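Reader: I've got this model open at the bench and I'd like to zoom in on just one piece of it. Could you pick one stretch and walk me through it slowly, from one end to the other?

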Amino acid sequence: ILATQNMIIALAATATITYIVASTMAFAYFLGWKLGILESIVFVMIIGLAVDYCVHLADAYRQCEDEAREKRVVFMLRRMGMAIISGAFTTIGSSFFLLFTTISFFRQVFPDNYVGNLHVAYQLAVLL
């Protein structure tokens with residue numbers, strides 16, 4: 001609410017963040033991970049990425065002066081979409097190399113980043 005100054009946008013962003021975290025946790029469960037310290041750290045990282053991306057998209061949505069929802073979503077995606085997608089691909093790309101390490105924490109970062117980052121842009125656009 002503080003970032004967007006709009007209850008509906010804040011609720012859509014919160015629902016998107018909740019969806020991202022829940023789907024990431026479900027993905028980890030299906031991979032057979034047990035919840036431990038390392039997994040908790042990965043989940044906190046996913047929350048941080050989801051909040052960062054959602055706040056940027058929600059702020060761009062709020063800045064549009066048009067009242068039509070469809071035009072605001074198009075404005076939001078044109079204004080911030082490429083930056084969000086680029087950031088997601090950079091994060092996914094850099095964490096790809098962590099798959100080949102012997103430390104299990106680093107191997108766990110890639111799948112969660114992949115799942116979490118793929119959901120952000122389209123999920124918030126659908127809700128708004």
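Author: What follows is a walk along helix H1, with a short look at helix H2 afterwards.

Bear in mind that this is a predicted model, where local features need pLDDT of at least 70, side-chain atom pairs count only at pLDDT 80 or more, and totals for chains, interfaces and linings use all residues. Numbering runs from 1 along each chain as its sequence is written, and side-chain values use heavy atoms, with hydrogens and water left out.

First, the setting. The chain has 4 helices and 0 strands (DSSP runs, H or I of at least four residues for helices, E of at least two for strands, numbered from the N terminus). Reading along the sequence gives α-α-α-α. The chain is 128 residues long, and 41% of them count as buried (under 20% relative accessible area; exposed is over 50%, partly exposed in between, with a 1.4 Å probe and protein chains only).

Now to H1 itself, which covers residues 7–30. Its 24 residues should span 34 Å at 1.5 Å a residue, and its end C-alpha atoms are 34 Å apart, so the two agree (the expected span is 1.5 Å times one less than the number of residues).

Start at the N-terminal end, where Asn-6 acts as the cap. A side-chain oxygen of Asn-6 sits 2.9 Å from the backbone nitrogen of Ile-8 (a polar contact is an N or O pair within 3.5 Å, one able to donate a hydrogen and the other to accept it; sequence neighbours count only if both atoms are side-chain atoms).

Moving along, the buried residues of H1 include Ile-9, Ala-10, Ala-12 and Ala-13, then Thr-16 and Ile-17, then Ile-20 and Val-21. Ser-23, Thr-24 and Ala-28 are on that buried list too. As for spacing in an α-helix, there are 3.6 residues a turn, so residues three or four places apart point the same way.

Stop for a moment at Thr-16, which belongs to H1. Thr-16 has a relative accessible area of 0%, so it counts as buried. A polar atom of the Thr-16 side chain lies 2.9 Å from the backbone oxygen of Ala-12. Ala-12 is itself one of the buried residues of H1.

What about the far end? A search of the whole structure turns up 1 aromatic pair, and that pair is Tyr-29 with Phe-30. Their rings are edge-to-face, 5.7 Å centre to centre with 65° between the planes (Phe, Tyr or Trp six-membered ring centres within 6.5 Å; under 30 degrees is stacked, over 60 edge-to-face, the rest tilted). Tyr-29 is exposed because its relative accessible area is 63%. Phe-30 is at 69%, so it is exposed as well. Just after H1, Gly-32 takes a positive phi of about 85°.

Next comes H2. It has 27 residues and reaches 39 Å from first C-alpha to last, close to the 39 Å expected at 1.5 Å a residue. Among its buried residues are Val-42, Phe-43, Ile-46, Tyr-53, Cys-54, Leu-57 and Ala-60. Ala-60 lies in H2, which takes in residues 37–63, and it is buried because its relative accessible area is 3%. The C-alpha atom of Ala-60 is 8.5 Å from that of Arg-72, 12 residues away along the chain.
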